[in-house]
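Open your viewer, get comfortable with the select command, and let's take a walk together. At each stop you will hear what to pick and what to look for.

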Amino acid sequence: MESRYNAAAIEKKWQKEWDERGLDKTPEDKTKPKFYALSMFPYPSGNLHMGHVRNYTITDAIARLKRMQGYRVLHPMGWDAFGLPAENAAIDRGVPPAQWTNQNIAHMKGQLQQLGFSLDWEREVATCAPDYYKWTQWIFLQFLEAGLAYQKEAAVNWDPIDQTVLANEQVDSEGRSWRSGAIVERKLLRQWFFKITDYAEQLLNDLDKLDGWPDRVKTMQANWIGKSVGATLEFPVVGMDDKIGVFTTRPDTVYGVSYVVLAPEHPLTPKVTPKSQKQAVDAFIKEIAEESELERTAEGKPKRGIPTGGKAINPFTGEEIPIWIADYVLYEYGTGAVMGVPAHDKRDFQFAGENNLPIKTVIIPEGGDANDPLDTAYVEPGIMVNSGQFDGLPSPEGKEKIIAYAEEKGYGKARIQYRLRDWLISRQRYWGAPIPVIHCPSCGIVPVPNADLPVPLPENVEFSGRGPSPLAQMDDWVNVPCPSCGEPAKRETDTMDTFIDSSWYFLRYPDAQNEKEICEKDKVNDWMPVDQYVGGIEHAILHLLYSRFVTKGLRDRGLLDFDEPFQRLLTQGMVQGKTYFNPNKGGKDKWIPSASVNPNDPRDPQTNEPLELCYATMSKSKGNGVAPEDVISNYGVDTARMFILFKAPPEKDLEWDDADVEGQFRFLNRVWRLVADFVGMDAEKKSKKKLKDKASLTKEEKNLRRAIHTAIKEVSEDMEGDYQFNTAISELMKLSNALSDFPRKESPVYREGIETLTILMAPFAPHIAEELWHELGYETSVHTAQWVKCDSEALVVDEITLVIQVMGKKRDVIQVPASASKAELEQYARESEAVQKFLEGKEIKKVIVVPGKLVNFVAM
């Protein structure tokens with residue numbers, strides 16, 4: 001055996017061997033329990049970063065452990081490959097999006113393979129491949145048939161220069177397009193939606209089933225769904241038959257309504273506006289149209305509004321109240337209208353104060369006075385006042401009675417409302433799955449027949465970055481006969497939101513090569529749900545919520561037999577690097593790339609000002625990243641894995657430190673030398689036999705065996721539940737130290753310890769563990785070895801350390817049998833020569849015995 005640990009040679013050797021043996025292929029043997037381990041698949045941007053490496057290392061360690069524990073494991077990988085970056089590359093580099101994407105996939109796949117992850121590459125998927133997006137389109141048609149996909153006019157963020165719709169995330173804090181820099185407008189366009197709101201209650205209630213999810217993520221989803229219990233109340237418009245419907249969770253405050261507010265886009269806005277106010281209202285609407293939704297709803301932003309000149313009637317009081325429009329009311333939320341109750345809503349209080357609108361108190365704290373002036377809105381429960389027949393009622397009781405009264409009188413009705421809105425899936429861009437419908441003048445919306453899927457993306461496309469979707473400009477592609485009547489018709493030119501591609505990919509892996517159906521029902525129901533899903537907290541809302549919705553939708557179509565896609569979820573922390581910044585600069589300019597800084601005297605290379613140091617998430621903009629290939633070339637894959645798993649618990653942020661990486665490299669070298677010295681021992685001295693006679697073990701052997709089985713117990717427990725890899729690796733270090741200190745290398749207990757350490761290391765450092773396992777004489781892979789089991793008898797302590805005190809001061813420490821009674825412990829203590837000197841000539845007044853710990857003599 002080589003005396004020197006050569007990580008590069010070992011890792012290359014075993015990666016080739018594992019590939020040739022097909023060690024990572026998914027077994028089909030259903031006699032074993034299944035375990036589906038999955039990392040959120042990456043976007044093929046060009047290079048892996050340390051965040052990727054951490055994510056996939058965590059999942060790989062879990063997958064390797066489960067194989068050794070006797071599970072058949074599915075551990076696949078794929079690529080979330082559609083999206084705008086590829087179109088930007090086409091514009092900037094003059095290459096087709098497919099070419100750019102496939103190049104990146106090839107490069108990143110090579111990086112993943114270099115890292116030695118135990119992935120089943122035969123199940124690889126890429127969302128941009130026709131044999132994948134064929135099934136994305138099929139899901140769309142399933143949802144269309146079920147009434148879950150529909151088209152309607154919707155207010156969207158519109159870039160007037162690029163002539164395209166932008167997601168909220170593509171609009172900066174100043175309301176400008178992320179790409180063109182244009183001021184974004186709000187525009188009504190006909191768009192495709194998925195009716196996720198039909199599943200709002202299920203999505204909310206089923207969070208209770210997800211015991212293996214972090215509470216933080218479940219709370220975020222619950223807040224996003226945003227269930228509100230209240231009532232819809234209707235305010236008749238003066239001089240018209242129309243009524244303004246508002247949803248409120250506080251119907252108990254309806255007697256305090258002093259105005260109603262419409263969204264500027266509300267269809268009633270022009271109807272309630274008289275000619276005298278039309279010019280002012282139109283100007284305000286035009287101004288608001290230039291703001292993004294994020295701007296309009298930003299916290300702390302002053303709320304702007306204008307009276308329409310129209311009036312409504314509060315049906316509960318009979319009073320006429322003014323109708324306003326304001327920027328903070330959005331047509332897509334609720335009914336697109338709100339009732340203003342300044343005395344009992346903080347936003348309304350501010351708005352009324354700025355616009356000199358009446359403030360009427362209708363709820364007071366118990367013992368309060370309705371005539372007391374308000375410095376701020378009173379939003380707590382209380383006693384109803386100035387509320388007609390409901391005066392004196394506690395407001396929670398009044399809420400129920402007012403709802404009943406409203407239903408009786410026809411003023412409104414009880415209602416549950418959700419913050420969740422239907423999922424807008426239309427995108428006016430090229431690099432996405434085409435929506436598989438055809439618009440026929442006679443037949444209307446006609447689905448593309450399943451036999452004609454996929455609707456392929458044409459390749460001869462020109463990208464300018466301006467104007468409508470490139471697909472809309474391709475007459476040969478757009479103009480087709482109607483599948484129903486044969487008349488000239490046009491394809492839908494919108495493509496689907498890329499979140500749809502990622503909302504079902506986990507269903508494809510169990511049957512990734514199936515050309516006839518999305519997945520064989522028996523296979524997907526066998527492997528699903530995913531037992532352990534690993535990914536970033538940034539996906540807590542959209543991706544995870546959409547995946548849950550699509551799973552439930554397909555379940556209701558009869559494809560799936562389960563309700564939830566992910567049984568357990570681990571959201572790993574970010575990887576942070578040492579980051580230099582100039583405190584005298586602002587924005588992106590303050591970050592100074594580490595490569596341009598002298599760490600001994602960190603200064604701004606442009607201004608020579610001293611820099612400050614912090615830890616921040618690794619990114620190109622901060623120049624604080626560490627390239628995975630650099631770490632691998634210096635230390636090897638296993639060292640990188642050990643550092644990533646040891647440095648911090650998986651859910652916490654990880655601070656990259658080269659010194660700690662070096663520490664893990666030294667540890668692997670120590671383990672290497674332990675095994676090398678054992679393998680190199682004289683064959684006659686080295687024990688080749690398994691331990692059989694436990695009764696004849698020496699004290700030293702018992703202690704070592706206790707250390708061995710303590711490590712088995714602790715590592716096994718740390719690798720379950722929350723996966724505390726860092727403490728598990730600490731146990732490996734303790735066992736390594738115990739083996740190093742053990743004097744009798746020829747003992748069968750020592751061999752047991754060396755082999756156990758090698759097995760326990762396998763999920764964490766798979767390459768070195770495999771090499772050491774074979775050097776120990778095994779021909780099969782350590783990764784197919786059975787995970788070691790703890791012998792509880794080995795944990796039993798024969799002797800304990802007893803502290804002996806006189807008047808509370810330690811006077812001696814002795815070893816005594818662990819089974820000794822209180823009386824026997826006292827007797828051992830009395831026999832101590834050191835203690836007898838301190839008791840000589842004194843009367844023992846009291847003896848305090850703490851079993852297993854100490855004896856204390858109180859003597860005078």
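## Stop 1: Salt bridges

A search of the whole structure, which is a predicted model, turns up 46 salt bridges. Let's visit a few of them.

Begin by selecting lysine 16 and glutamate 20, whose side chains form a salt bridge with an N to O distance of 2.6 Å. Both sit in helix 1 (residues 7-21), and because they are four residues apart there, about one helical turn separates them. Turn on the surface and check how each one fares. Glutamate 20 is exposed, at 55% relative accessibility, and lysine 16 is exposed as well, with 53%.

Next, select aspartate 563 and lysine 209, which meet in a salt bridge at 2.8 Å, N to O. What does this pair tie together? Aspartate 563 belongs to the loop between helix 17 (542-556) and strand 25 (569-572), while lysine 209 belongs to the loop between helix 6 (200-205) and helix 7 (215-225), so the bridge connects parts that are 354 residues apart in sequence. Aspartate 563 counts as partly exposed, at 27% relative accessibility, and lysine 209 is likewise partly exposed, at 46%.

Keep those two on screen and add Asp206, Arg548, Lys552, Arg555, Asp556 and Glu564: together with Lys209 and Asp563 they are linked in a network of salt bridges.

For one more pair, pick arginine 705 and aspartate 791, joined by a salt bridge of 3.2 Å, N to O. Arginine 705 is part of helix 21 (residues 699-718) and aspartate 791 is in the loop between helix 24 (766-775) and strand 30 (799-806), so this bridge ties together parts 86 residues apart in sequence. Are these two buried or exposed? Arginine 705 is buried, at 8% relative accessibility, and aspartate 791 is buried too, with a relative accessible area of 13%.

## Stop 2: A four-stranded sheet

Switch to cartoon view and look for the open sheet of four strands, in the order 11-12-10-13, with mixed pairing. At its edges stand strand 11 (305-313) and strand 13 (337-340); each has a single partner strand, so one side of each lacks a neighbour in the sheet. Look along the sheet to see the twist, which averages 30 degrees from one strand to the next.

Now color strand 10 (residues 259-262) and compare its two partners. With strand 12 (residues 320-326), strand 10 runs parallel, and three bridges join them. Select valine 260 to find its bridge partner in strand 12, isoleucine 323. With strand 13, strand 10 runs antiparallel, and here four bridges make the join. Select leucine 262 this time: its bridge partner in strand 13 is alanine 337.

Stay on strand 13 for a moment and show its side chains. Both of its faces are covered, with Ala337 and Met339 buried on one side and Val338 and Gly340 buried on the other.

Before moving on, add helix 9 (residues 275-289), which lies across strand 11 and strand 12 and runs at about 125 degrees to strand 11.

## Stop 3: Nonpolar cores

Which residues touch the most other members of the largest nonpolar core? They are Phe140 and Trp656, in a core of 113 residues. Highlight helix 5 (residues 130-145) as well, since it gives the most to this core, with eight residues. Then center on phenylalanine 140 and pick out its contacts beyond four places in sequence: Ala149, Trp192, Phe194, Ile425, Ile435, Pro436, Val437 and Met496. Apart from this core lies another, of 64 residues, including Met642, Val715, Leu735 and Ile768.

## Stop 4: A buried glutamine

Select glutamine 417 in strand 16 (residues 412-418). Glutamine 417 counts as buried, at 15% relative accessibility. Setting aside neighbours within four places in sequence, its contacts are Gly226, Lys227, Ser228, Phe247 and Gly334.

## Stop 5: Two packed helices

Finish with helix 19 (residues 637-647) and helix 24, which pack at an angle of about 120 degrees with their axes 7 Å apart. The two helices are therefore oblique to each other. To see where they touch, show Val637, Asp638 and Arg641 of helix 19 alongside Pro766, His767 and Ile768 of helix 24.

Conventions:
Residues are numbered from 1 along each chain as its sequence is written. This is a predicted model: local features need pLDDT of at least 70, side-chain atom pairs count only at pLDDT 80 or more; totals for chains, interfaces and linings use all residues. Side-chain values use heavy atoms; hydrogens and water are left out. A salt bridge is a side-chain nitrogen of Lys or Arg within 4 Å of a carboxyl oxygen of Asp or Glu. Buried means under 20% relative accessible area, exposed over 50%, partly exposed in between (1.4 Å probe, protein chains only). Two strands pair if DSSP finds at least two bridges between them. Axes are lines fitted to C-alpha atoms, for helices over the stretch in contact, and angles run from 0 to 180 degrees between N-to-C directions. Contact means heavy atoms within 4.5 Å. A nonpolar core is a set of buried Ala, Val, Leu, Ile, Met, Phe, Trp, Tyr and Cys residues joined through side-chain atoms within 4.5 Å. Angles under 35 degrees count as roughly parallel, over 145 as roughly antiparallel, 65 to 115 as roughly perpendicular and the rest as oblique.
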